[in-house]
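Let's go through a few labels that get attached to residues and ask what earns each one. Have the chain in view and follow along.

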Amino acid sequence: PPSPRPPPLAPLPPLAPGSVNAASEAGLRSLIEGAAADVSIYLPPSAHFEMGSRIHCGSNIRVTVASSGEGATLDGKGETGLFSLSGRCSLTLRGLTLVNGKADWSGGVVEAWTAGDIEIIDSTVTGCSAWDGGVVWAENSESLSIAGVDFINNTAFGSSSVLYLDNVKQTSIIDASFTGNNVVSVIQTINSEIDWACRLGRWMPTKGAVFGDFSAPECNLCPDGYFGNTSGLANSSCSGQCTKGHFCEAGTADPEPCPVGTRMPALGAASNESCIPCAPGQYQPLTGQSDCLTCPAGSFSPDIGLAACDPCPRGGYCEDAGAATRMVWEPCPAGSFNPTTGCKSSAACESCPAGTASATQGAKNSDKCT
């Protein structure tokens, strides 16, 4: 028996002003290849158009092909690329699933020569292939914008399983993932630079070849010992080595200060454990410092990593700066006393009142004076 007819396509939502429907691959092709002015085309979400050959746009117009919901599918069936652009034609693909586009030479989805602006937005692109530029091959064109796109399992046999860009004036990639695309370069640029929307503390190469799985805004982490506090960072040096008094773990945007009681005199500290505790006889009450301070006379610090020095006890004084033990404490002589902590010389010792005396060294008050 004959195969049952497929169910009818879901009804279309209201069109944006100026948009037209395409209910078939032939309709889509006719609307684009016959356009003499800008055209915006809406595809129903359940549509699955099998492409017989590339759709070509060769005039200075803007073409938008969009869907909604789960998105319409444009399928090259592993036999043909999907679009060919020239003559400053601009193309926006939005809300689509683009699959199985195949080109013998260039651009499994879009082949662009002297094109205008190319945009792929809120779409999924999978299983496309070409010799160069498994998804997009663009040369001598105005711009390429990628936003909200997942590129999955695309292939090139020469270079660049996803994007091949030669003399494209401006390229931006925002919120995009590249996964499972084959082992040749995923992106290749020649005389073209990419503006990546990476999070702070991240970087991506703006030109040349890019390999492996990656995504934006995650991008590559600035390595341990480096920080990235601006956007548009293009190599692993990011914004530079971590500043003195601070440490930078991988992905740091702003250097983290070493805690109180520590120092970091060198650039490039990679972790909190790199911060050096202040030695006995030193202290540091502030975070983010390159050096510790010497305990002043009248104080001492017996342990490492202290934020403050201990005051010299009552009943005496501590003359030496940088003291690491209370053993430097000198008692006030007999016949005197000192009720105050933190004193640095014998001048702090007060004589017993007139008519009294004390045989006790290190007296803390006048009670010993009789």
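Q: What makes Trp105, Trp131 and Phe157 a nonpolar surface patch?
A: In this predicted model, Trp105, Trp131 and Phe157 form a nonpolar surface patch of about 420 Å². Patch members need over 30% relative accessible area, and nonpolar side chains are joined within 5 Å, so these residues are grouped together. One of them, Phe157, sits in strand β14, residues 155-159.

Q: Why is isoleucine 187 called buried or exposed?
A: Its relative accessible area is 0%. Buried means under 20%, so isoleucine 187 is buried. This residue belongs to strand β16, which covers residues 187-190.

Q: Which residues does isoleucine 187 contact, leaving aside neighbours within four places in sequence?
A: Its contacts include Leu163, Ile173, Phe178, Trp196, Val210 and Phe214. As for aspartate 132, its C-alpha is 9.9 Å from that of isoleucine 187, with the two positions 55 residues apart in sequence.

Q: How do you know whether tryptophan 113 is buried, partly exposed or exposed?
A: Its relative accessibility is 41%. That value lies between the 20% limit for buried and the 50% limit for exposed, so tryptophan 113 counts as partly exposed. Tryptophan 113 lies in strand β10 (residues 110-113), and it touches residues including Leu85, Trp137 and Glu139. The C-alpha of alanine 321, 208 residues away along the chain, is 76 Å from the C-alpha of tryptophan 113.

Q: What makes Glu256 a member of a negative surface patch?
A: Glutamate 256 has a relative accessible area of 42%, and a patch asks for over 30%, so the residue passes that test. Asp and Glu count as negative, and like charges are joined within 9 Å, so Glu256 is grouped with Asp224, Glu249, Asp254 and Glu273. Within the fold, glutamate 256 is part of strand β25 (residues 256-257).

Q: What is notable about the phi of asparagine 153 and of asparagine 167?
A: Most residues other than glycine have a negative phi. Asparagine 153 has a positive phi of about 55 degrees, and asparagine 167 has a positive phi of about 60 degrees. Asparagine 153 is in the loop between β13 and β14, whereas asparagine 167 is in strand β15 (residues 163-179). Asparagine 153 is partly exposed at 44%, and asparagine 167 is partly exposed at 36%.

Q: How do you know whether the peptide bond from alanine 216 to proline 217 is cis or trans?
A: Its omega is near 20 degrees, and the bond is cis. Most peptide bonds are trans. Proline 217 is located in the loop between β20 (214-216) and β21 (220-221).

Conventions. Residues numbered from 1 in each chain as written. Predicted model: local features only at pLDDT ≥ 70, side-chain atom pairs only at ≥ 80, totals over all residues. Heavy atoms only, no water. Areas by Shrake-Rupley, 256 points an atom, 1.4 Å probe, with all protein chains shown as cover. Salt bridge = Lys/Arg side-chain N within 4 Å of Asp/Glu carboxyl O. Charge placed at Lys NZ, Arg CZ, Asp CG, Glu CD. Helix = DSSP H or I, 4+ residues; strand = E, 2+ residues; numbered from the N terminus. Buried < 20%, exposed > 50% of the residue type's maximum accessible area, 1.4 Å probe, protein only. Contact = heavy atoms within 4.5 Å.
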